[in-house]
Amino acid sequence: MRIRDIRATTVTVPLEAPLRHANGCHWGRFVRTIVEVETDNGIVGLGEMGGGGESAEAAFRSMKSYLTGHDPARIEEMRFRISNPTASLYNNRTQILAALEFACLDILGQAWGVPVCDILGGRLRDRVPFASYCFFRYANSGTGEGEVRTIEQLVETTRELKRRFGFTTHKLKGGVFHPDYELEAYRTLAAAFPGDSLRFDPNAVWSTETAIRFSHAIEGLRNDYLEDPVFGLNGMRRAREMTRIPLATNTVVVNLEQLAANALDTAVDVILLDTTFWGGIRACIKAAGICEAFQLGVAVHSSGELGIQLATMLHLGAVIPNLSFAADAHYHHLTGDIIEGGLMRYENGTICVPKGPGLGVRLNRDKLAEYNELYKRLGGYPYDQDPLRPGWAPIVPNDRWADPKDDRTPEIPN
């Protein structure tokens, strides 16, 4: 087989409501780039990358001059061809490489009639557990529903997620309101679900002193870990010295070089592997092997996936022995998907690892066209801006918190 064509399509898929985070907001939708790699014998492999638009589509079109005629089985050579470590200082192609790797693995699985996880060592588990991933949310401007601003709304929304999907681990995305308010919210959440485990993520906007104070206040809870309370390995190391809760990251250990530095002088206990951020499923498996050797915890990070990337997360979760925690996923906030069959189903807080050849998912062409048209109509959105706080930006450490008494709903086109 040889690669014959590479195509990229940008889509926008609506969320139930805008998701607030420490650095801005997801404005009621995710923008993703869907990649198709076609071989000379007609097999089409699928990939996915966050963000999109003309620049992303042009970046994938530029890969055709690198990869036309390339054997999709030679993935390691493809890595050096388009993402050479030194050359990438000038063209940062890690996420492009990831999407193309997904597609090549999908091609191989289809050609050989086996799931991707069988290519990567064989599945150790048939289902991957997930956390609820709770956000503070603005209300949907179209329906007026979905707001999560008060602590009561947070608990009720989490209870509904547990009822619908069976989650027994709950992650709260913080860094939006003052740490004291979010501490009260987190403690209330723990009291409402005493048999479940929890994790908290303020997206690295706290001072080290705030992180230490917060961690001391939650030590008696059933914590998985405290994720990215501060930014930087030195800040994480200092916080870790002063707390008995494991620290996790998806911001300061996101490649093998940083993982080596962390292994030599530990600042982070749990590494959140992201199949996009790390440059593919195979890179995450390499990292998981290093974590196994150094006895570091492993979880799976979510970067706003649709069904294609979710499939890569499931195949990763199937093959690594040291998946210590439930995976993260934004997936249950979506109202639709671009794969055949619609949204994958949760059962008892888990999703089944696809059993079909390749990634085990196929494009729904009608949905791809529908969500591509929605992108063309709405365009992108500024992930790092808050629609109700024009001109606002967080500083690090932050002291510019949102007001939990502000009950306005942003007017966002949908």
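How many of the residues of strand β4 (residues 29–39) are buried? In this predicted model, the count is 11 of its 11 residues, and the strand is described as mostly covered. That makes β4 a good place to begin a walk through the structure.

## Strand β4 and its neighbours

A little background helps here. In a regular strand the side chains alternate between the two faces of the sheet. In β4, one set of side chains, made up of Arg29, Val31, Thr33, Val35, Val37 and Thr39, points one way. Phe30, Arg32, Ile34, Glu36 and Glu38 point the other way, and the residues of both sets are buried. If you look down the strand on your screen, you will find charged residues such as Arg32 and Glu36 among the buried ones.

β4 has partners to look at as well. Strand β1 (residues 3–14) pairs with β4 in the antiparallel sense, over 11 bridges. Within that pairing, Thr12 has Val31 of β4 as its bridge partner. Strand β5 (residues 44–50) is also antiparallel to β4, and seven bridges hold this pairing. Here Thr33 stands opposite Met49 of β5. β4 and β5 make up a hairpin with four residues between them, and Gly42 in the turn has a positive phi of about 90°.

## The parallel sheet

Elsewhere, seven strands form an open sheet with parallel pairing, in the order β7-β8-β9-β10-β11-β12-β13. Its edge strands are β7 and β13 (297–300), each of which pairs on one side only. Inside the sheet, β8 runs parallel to strand β9 (residues 197–201), joined by five bridges. One place to find this pairing is Lys171, which stands opposite Arg199 in β9.

## Aromatic pairs

Next come the rings. The structure holds 13 aromatic pairs. A pair of aromatic rings is described by the distance of the centres and the angle of the planes. Two of the pairs are set out below.

| Pair | Centre to centre | Angle between planes | Type |
|---|---|---|---|
| Phe167 and Tyr346 | 5.2 Å | 75° | edge-to-face |
| Phe200 and Trp206 | 5.7 Å | 20° | stacked |

Why is the pair of Phe167 and Tyr346 edge-to-face? Planes over 60 degrees apart count as edge-to-face, and the planes of these two rings stand at 75°, so the pair falls in that class. Phe167 lies in the loop between α6 and β8 (169–173), while Tyr346 lies in the loop between α12 (307–319) and β14 (350–352), so the pair ties together parts that are 179 residues apart in sequence. Both Phe167 and Tyr346 are buried. They also belong to one aromatic cluster, together with Phe130 and Phe165.

The rings of Phe200 and Trp206 are covered too. Phe200 has a relative accessible area of 0% and is buried. Trp206 has a relative accessibility of 3%, so it counts as buried, given that the cut-off is under 20%.

The loop between α12 and β14 also holds Asp337. Asp337 is buried, because its relative accessible area is 3%. From Asp337 to Tyr371 is 34 residues in sequence and 8.9 Å in space, C-alpha to C-alpha.

## Charges over rings

Two arginines sit over aromatic rings. The charged end of Arg20 is placed over the ring of Tyr138, 4.0 Å from its centre. Arg389 lies over the face of Trp392, and here the distance to the ring centre is 4.1 Å.

## Two cavities

Which residues line the largest cavity? Arg20, Arg389 and Trp392 are among them, and the rest of the lining is His21, Ala22, Gly24, Gly175, Val176, Asp386, Asn398 and Arg400. By type, this lining divides into three nonpolar, four polar and four charged residues. The volume of the largest cavity is about 40 Å³, and the structure holds two cavities of 30 Å³ or more.

The second largest cavity encloses about 40 Å³ of space. Around it stand Cys134, Phe135, Arg137, Leu154, Thr157, Leu161 and His333. The elements that give two or more residues to this lining are β7 (134–135) and α6 (151–165). The largest share comes from α6, with three residues. By type, the lining of the second largest cavity has four nonpolar residues, two polar and one charged.

Note on methods:
Residues are numbered from 1 along each chain as its sequence is written. This is a predicted model: local features need pLDDT of at least 70, side-chain atom pairs count only at pLDDT 80 or more; totals for chains, interfaces and linings use all residues. Side-chain values use heavy atoms; hydrogens and water are left out. On a 1 Å grid over the protein atoms alone, a cavity is a set of points where a 1.4 Å probe fits but cannot get out, and a pocket is an open set with protein on both sides within 12 Å along at least five of seven lines; lining residues have an atom within 4 Å of a point. Grid points are joined across faces, edges and corners, and a volume is the space filled by probe spheres set on the points. Ala, Val, Leu, Ile, Met, Phe, Trp, Tyr, Cys and Pro count as nonpolar, Asp, Glu, Lys and Arg as charged, and the others, Gly among them, as polar. Rings of Phe, Tyr and Trp (its six-membered ring) pair if their centres lie within 6.5 Å; planes under 30 degrees apart count as stacked, over 60 as edge-to-face and the rest as tilted. Buried means under 20% relative accessible area, exposed over 50%, partly exposed in between (1.4 Å probe, protein chains only). A charge sits over a ring if NZ of Lys or CZ of Arg is within 6 Å of the ring centre and within 35 degrees of the ring normal. Two strands pair if DSSP finds at least two bridges between them.
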